[in-house]
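Please open the model in your viewer and keep the selection panel at hand. The tour moves from the whole chain to one helix and then to its surroundings.

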Amino acid sequence: MSQLKKFFEKTKKDVKFKAAGQGHSLGRSDDRPSVQPGPSHNNQRAAQTAHSASTTGRPGPSDTNQRAAQAALARLEQRMGAMGGNANLLREVYTEMGYSRVEVEAGAGASTSAGSSGVGGSGSSHKTGNEAAEHPVLAVEGVFYKCPVIGPFVLPRDEMEKKIQEFLREQLAIDPTITSAVMLATFNKDKEKLQSGRETLRKYLENILQQPGEEKYRKIRVQNKAFQERVLALEAADKFLEAAGFQKVTISNEGKDEDFFQLPSADDLTDRLTLMLEYLDQAEPVLAELDRGIRVFRPSGAVSHFNLPEDFYSRTAEELQEEYARRRADLEKSQTLRTRAMREQDTQRSARKHRFTVLRIRMPGPDGGFILQGTFGAYEKLSAVEAFVRENLINEQLPFVLTTAVGNRLSNVEARLNELDLVPAAIMNFQSLLPVPPSGRNADIPFLKEESMALMQIL
């Protein structure tokens with residue numbers, strides 16, 4: 001594992017040098033800054049945050065997507081109408097899915113308006129109607145991912161995964177032994193199939209190491225059913241065998257040609273096979289990580305307005321139909337007695353509607369303090385939010401707690417954000433546990449790091 005880490009640490013440095021270009025240092029880049037840049041970024045952060053999609057990979061508002069959503073709403077409402085559906089209820093579902101009242105009514109061709117929907121369980125709200133016109137800037141530009149191993153890129157998930165694949169294929173030419181094992185772990189998402197394939201590959205290599213002179217162990221028939229299903233079904237499995245020294249050959253047997261993976265000689269490959277076994281067991285996938293999209297604001301009346309992009313409400317027509325059916329069922333349930341267990345089950349089902357959330361944490365400080373904003377997965381734990389806050393504190397060891405917008409303490413760090421009703425957006429408060437200073441308040445004490453404060457924007 002140490003060799004794996006060293007290899008990819010070196011690769012990461014090489015990527016930084018290439019990205020920097022001539023006349024740049026490792027501490028500086030023209031790409032979108034990472035969540036925690038060095039001090040050399042401070043004078044550039046505000047301008048870089050406003051870069052276009054060509055620089056950051058973050059798309060602007062999509063007219064095509066809006067028109068498609070409107071058309072889909074019209075079609076779905078027409079179908080629901082034929083079934084005796086409630087148009088106003090359907091419109092409310094779409095509004096909660098993230099479309100503004102104007103977009104929903106335009107798509108449906110309707111004249112009635114749906115009420116604005118609440119967002120998050122901590123006093124936050126989604127902008128609709130005139131509010132959207134007054135606050136046109138999105139709370140976040142979308143959901144984006146990063147991967148520290150491959151460089152300072154921030155891209156949508158599908159693009160980032162393609163970037164990771166391209167990166168690993170490039171590294172295959174540099175060190176196939178390590179990279180092929182990492183490719184196996186990265187490209188194959190089905191853990192059970194990956195485990196089965198790894199065990200089969202491990203058995204092949206162990207047999208050769210235990211009996212290097214036995215020719216039958218150095219040949220693997222390609223058409224073997226078990227080999228096809230357990231090994232070749234895995235992406236990059238052939239690259240791993242080739243890195244171990246196997247060659248694909250055609251052998252004629254009784255007038256019939258068959259393809260084999262064959263290891264020419266096992267005697268001089270003992271060290272390589274031993275190393276391949278180690279990499280096979282220890283290689284971990286190169287994963288895309290959710291980018292926090294850190295922002296810092298001065299407090300204002302707009303702090304409770306969350307104009308969220310479509311990514312936060314990405315739902316198919318089928319999912320919207322299910323949501324519509326659920327709403328109708330909820331109307332019926334509200335007229336009957338419900339046990340506590342039944343109500344809790346309904347709450348958990350409702351919490352699964354959203355995949356991401358935007359959290360704004362009120363931080364104390366001079367001139368009214370600051371708002372620290374980050375993007376999280378709905379299934380992440382509260383501990384991830386605490387870690388995000390701590391990374392941006394001057395004193396990362398500072399004891400603190402987080403509370404809801406109304407002051408309720410959030411103490412269960414293992415609880416998931418959707419379980420805490422903190423999706424798809426919510427406001428939280430930061431509360432330092434340090435003794436109160438003689439002045440009676442700590443509002444004048446700076447809490448956020450200088451590089452975080454350099455991100456200051458107008459909300």
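The stops below begin with the chain as a whole and then turn to a helix and its partner.

Start with the entire protein chain, bearing in mind that this is a predicted model. Colouring by secondary structure should bring out 17 helices and 16 strands, and of the 459 residues 42% count as buried. Among contacts between residues at least 6 apart in sequence, 71% join residues at least 24 apart.

Next, select residues 191-210, which form helix α10. This helix has 20 residues and spans 28 Å from its first C-alpha to its last, close to the 28 Å expected at 1.5 Å a residue. At its start, show the side chain of aspartate 190, from which an oxygen reaches to within 3.1 Å of the backbone nitrogen of glutamate 192.

Staying on α10, display its buried residues, among them Leu194, Arg198, Arg202, Leu205, Asn207 and Ile208. What covers the buried residues of this helix includes α9 (176-187), β5 (219-221), α11, α12 (237-244) and α13 (270-282), which can be added to the view one by one.

Finally, add residues 225-232, helix α11, whose axis comes within 8 Å of that of α10 and crosses it at roughly 120°. That angle makes α10 oblique to α11. To see the contact itself, select Lys193, Ser196, Gly197, Thr200, Leu201 and Tyr204 in α10 together with Phe227, Arg230 and Val231 in α11. Coloured by class, the contact of α10 with α11 shows four nonpolar, three polar and two charged residues.

Definitions and conventions: Residues numbered from 1 in each chain as written. Predicted model: local features only at pLDDT ≥ 70, side-chain atom pairs only at ≥ 80, totals over all residues. Heavy atoms only, no water. Axes fitted to C-alpha atoms, helices over the stretch in contact; angles between N-to-C directions. Helix = DSSP H or I, 4+ residues; strand = E, 2+ residues; numbered from the N terminus. Parallel < 35°, antiparallel > 145°, perpendicular 65-115°, else oblique. Contact = heavy atoms within 4.5 Å. Nonpolar A, V, L, I, M, F, W, Y, C, P; charged D, E, K, R; others polar. Expected span 1.5 Å × (residues − 1). Buried < 20%, exposed > 50% of the residue type's maximum accessible area, 1.4 Å probe, protein only. Polar contact = N/O pair within 3.5 Å; in protein donor to acceptor, adjacent residues only side chain to side chain.
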